[in-house]
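Open the model in your viewer and keep the selection tool at hand. Here is a short walk through it, stop by stop.

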Amino acid sequence: MRRFATLLLAGTIAVSALATAAYAENPMVGGAAMYANKTIVENAVNSKDHTTLVAAVKAAGLVETLQGAGPFTVFAPTNEAFAALPAGTVDTLLKPENKDKLVKILTCHVIGAKAMAADVASMAKADGGTHKVKTVGGCELSLKADGGKVTVTDENGNVANVTIADVEQSNGVIHVIDKVLLPKM
């Protein structure tokens, strides 16, 4: 009986350690821990680097969608990426009369599948260095992986660098990027 209790305790400790290790592997984003058992929205609201993105997702009415089952891959621009847009762009997009345009821009950052950085690298290699993918918003993005770095190019030729990759979520993955991806309008 004592041996069974010792094995049970050892097994519990091992499972607990594995669970902790799984959570520890997720990188911090915007000074906040990101939890693999939370949705994209639940994690994003805690990142101080993504307050503009969260405000935009709310204004676009996409909160419910991004809390859904997914899976989703979200290329999440930082506040600095939004700030680099021409002056007044974000304020204009957040107005109710521009909701359709905002939805289009935001959904051009979302792929309807879970693609980790290693997946992107494999797909890009298989496609001769660049993998083209359609987004939820109907945009085409070009994904590249070179030397452990992933880049995303939008339809206008703007290149965003993935600065934090593989932030696992319960409904997909987030890759933090340094530019806002824009559809051809």
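Which residues of helix H8 (residues 117–126) are buried? Select the helix and pick out Ala117, Val120 and Ala124: these are the buried ones. Before going further, please keep in mind that this is a predicted model.

**Around helix H8**

Look down the axis of H8 with those three residues shown. They share one side of the helix, because the arc they cover around the axis is only 55°. Now turn to the other side of H8, where Ala118, Lys125 and Ala126 are exposed. To see what the buried residues pack against, add strand E3 (131–134), strand E4 (140–146), strand E5 (149–153), E6 and strand E7 (172–177). Then step past the end of the helix: glycine 128 follows H8 and has a positive phi, near 80°.

**Along strand E6**

Next, select strand E6 (residues 159–169) and stop at aspartate 166, which is found in this strand. Its phi is positive, about 60°, although aspartate 166 is not a glycine. Is this residue buried, partly exposed or exposed? Aspartate 166 is partly exposed, with a relative accessible area of 24%.

Stay in E6 and show the side chain of glutamate 168, together with that of lysine 114. The two meet in a salt bridge, at 2.8 Å from N to O. This pair joins distant parts of the chain, 54 residues apart: glutamate 168 belongs to strand E6, while lysine 114 sits in the loop between strand E2 (110–111) and H8. Both ends are partly exposed, glutamate 168 with a relative accessible area of 32% and lysine 114 at 36% relative accessibility. The count for the model is one salt bridge.

**A cis peptide bond**

Move to the loop between helix H4 (63–66) and strand E1 (72–77), where you will find proline 71. Show the backbone here: the peptide bond from glycine 70 to proline 71 is cis, with omega near 5°.

**The largest pocket**

Now turn on a surface and look for the largest pocket, with about 290 Å³ of space. Which of its 28 lining residues are closest to the centre? Select Ile40, Leu53, Val57, Leu66 and Val74 to see them. Helix H2 (40–44), H3, H4, E1, H7 and E7 each give at least two residues to the lining. By type, the lining residues of this pocket divide into 22 nonpolar, five polar and one charged.

**The largest cavity**

How many cavities of 30 Å³ or more are there? The count is one, and the space in the largest cavity is about 60 Å³. Helix H3 (51–60), helix H6 (89–93) and helix H7 (99–107) are the elements that give two or more residues to its lining. Select Thr52, Ala56, Phe82, Leu85, Val90, Leu93, Leu94, Leu102, Ile105 and Val180 to display the lining of the largest cavity. Nine of these lining residues are nonpolar and one is polar, with no charged residue.

**Last stop: helix H3**

Finish with alanine 55, which is found in helix H3. Alanine 55 is partly exposed, with a relative accessible area of 34%. Draw a distance from its C-alpha atom to that of valine 45, ten residues apart along the chain, and you should read 9.2 Å.

How values were computed:
Residues are numbered from 1 along each chain as its sequence is written. This is a predicted model: local features need pLDDT of at least 70, side-chain atom pairs count only at pLDDT 80 or more; totals for chains, interfaces and linings use all residues. Side-chain values use heavy atoms; hydrogens and water are left out. Helices (H or I, at least four residues) and strands (E, at least two) are DSSP runs, numbered from the N terminus. Buried means under 20% relative accessible area, exposed over 50%, partly exposed in between (1.4 Å probe, protein chains only). The arc is that of the directions from the helix axis to the C-beta atoms. Contact means heavy atoms within 4.5 Å. On a 1 Å grid over the protein atoms alone, a cavity is a set of points where a 1.4 Å probe fits but cannot get out, and a pocket is an open set with protein on both sides within 12 Å along at least five of seven lines; lining residues have an atom within 4 Å of a point. Grid points are joined across faces, edges and corners, and a volume is the space filled by probe spheres set on the points. Ala, Val, Leu, Ile, Met, Phe, Trp, Tyr, Cys and Pro count as nonpolar, Asp, Glu, Lys and Arg as charged, and the others, Gly among them, as polar. A salt bridge is a side-chain nitrogen of Lys or Arg within 4 Å of a carboxyl oxygen of Asp or Glu.
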